[in-house]
Amino acid sequence: MNNASIAIDNLTFKYGKLTVIDNLSLQIPGGISFGLLGPNGSGKTTLIRLMVGLLKPVSGSIRCLGKLPGTANAKNIGYMPQLPSLYTELTVEQNIDFFARIYGMRDRKARQSRIADVIKLVDLWSKRKVSINQLSGGMRQRVSLGCAIVHQPPLIFLDEPTVGLDPELRSHFWKYFAELTCNGSTIIISSHTMDDAAHCQKLAFLREGKVIAQGSPAELRATTGVAEATLEEAFLYCIRHGKVKANV
Ligand SMILES: Nc1ncnc2c1ncn2[C@@H]1O[C@H](COP(=O)(O)OP(=O)(O)OP(=O)(O)O)[C@@H](O)[C@H]1O
Ligand SMILES: [Mg+2]
């Protein structure tokens, strides 16, 4: 696929003797929101960490925007880890500023203006001078999202970004994600919730380090043969019937 943002071929990763990613191949087109869905321990976080270059595969290959994961690609990538990795003694503003500088946003005025926009987007304006250790869990999630997107990267990895968010903010985030993809960014999101899944343009169902099905939410629902099937039912159907691959 020529317009693939991410091309993964026969990827295998192990923790010791435990195979966590099992000969997995996946093509993720550019400019869409792509959901990785699967139960606890199915390998979503590991796969994301491989794609951003924090882990090295045992075998197989990954190309993100045509490049190997790692430092050469760092400015093109935004990464929100599953557990927020923030400096708890620093304020909201200082944390986002730190990441903006790391990602090479040197122009002070432009950086400050972008940081203000991001803080408003994650709805933390009134908390901008507050240190992280005085924030709630959901607020920390929001700061972590801000840190991942501040440099406006074309490829964004969000590991369970909506966990702990209230419904209003979740819907606000999804509107923003839709804007990002309309502007050409690619978003890879891991999630357990079918609400998130329904917002994604394409999905891959993961189980035991393998992709057991992929396609649009409508295609995956259609694999069950039941018109009103939910994505949850589609997932269970794919588990029961082995590997099903919808057209992508
Ligand atoms: N640092 C580690 N050392 C050893 N095993 C690990 C490590 N991190 C993860 N694993 C194992 O790898 C497997 C996949 O874990 P991973 O975190 O990728 O799953 P996940 O799909 O993200 O799960 P969750 O939905 O709970 O976040 C699990 O069996 C887990 O126990
Ligand atoms: Mg995970």
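This passage describes two sheets, one helix and the surroundings of a ligand in a predicted model.

Six strands form an open sheet with mixed pairing. Their order is 5-6-7-3-8-9. Strand 5 and strand 9 (210-215) are the edge strands, and each pairs on one side only. Neighbouring strands are turned by 15° against each other on average, direction ignored. Within this sheet, strand 3 (residues 33-37) pairs with strand 7 (residues 186-191). The two are parallel and share five bridges. Leu-36 stands opposite Ser-190 of strand 7. Helix 4 packs on the sheet, where it touches strand 5 and strand 6. The direction of helix 4 makes about 170° with that of strand 5.

Helix 4 covers residues 137-149. At 1.5 Å a residue, its 13 residues should span 18 Å. The end C-alpha atoms are 19 Å apart, which agrees with that expectation. Ten of the 13 residues are buried, so helix 4 is largely enclosed by the rest of the structure. Burial here requires 20 or more other C-beta atoms within 10 Å of a residue's own. The buried residues include Met-139 and an unbroken run through the C-terminal part of the helix: Gln-141, Arg-142, Val-143, Ser-144, Leu-145, Gly-146, Cys-147, Ala-148 and Ile-149. Charged Arg-142 is thus listed among the buried residues. The buried residues pack against two strands and two helices. The strands are strand 5 (77-80) and strand 6 (155-159). The helices are helix 2 (92-102) and helix 3 (108-121).

A second open sheet has three strands in the order 2-1-4. Its pairing is antiparallel. Strand 2 (18-29) and strand 4 (59-64) stand at the edges with a single partner strand each, so one side of each is left without a neighbour in the sheet. The twist averages 15° from one strand to the next. Strand 1 (residues 4-15) and strand 2 run antiparallel and are joined by eight bridges. Ile-6 stands opposite Ile-28 in strand 2.

Ligand 1 has a shell drawn from several stretches of the chain. Tyr-15, Val-20, Gly-38 and Gln-82 are among the surrounding residues. The shell also includes Asn-40, Gly-41, Ser-42, Gly-43, Lys-44, Thr-45 and Thr-46. Helix 1 (residues 44-52) gives the most to this shell, with three residues. By class, the shell has eight polar, two nonpolar and one charged residues.

Definitions and conventions. Residues are numbered from 1 along each chain as its sequence is written. Chains are lettered from A and ligands numbered from 1 in the order in which they are written. This is a predicted model: local features need pLDDT of at least 70, side-chain atom pairs count only at pLDDT 80 or more; totals for chains, interfaces and linings use all residues. Helices (H or I, at least four residues) and strands (E, at least two) are DSSP runs, numbered from the N terminus. The expected span of a helix is 1.5 Å times one less than its number of residues. A residue is buried if 20 or more other C-beta atoms lie within 10 Å of its own, exposed if 12 or fewer, and partly exposed in between; C-beta atoms are placed from the backbone. Two residues are in contact if their C-beta atoms, placed from the backbone, lie within 7 Å. A residue is near a molecule or strand if its C-beta atom, placed from the backbone, lies within 6 Å of it. Two strands pair if DSSP finds at least two bridges between them. Axes are lines fitted to C-alpha atoms, for helices over the stretch in contact, and angles run from 0 to 180 degrees between N-to-C directions.
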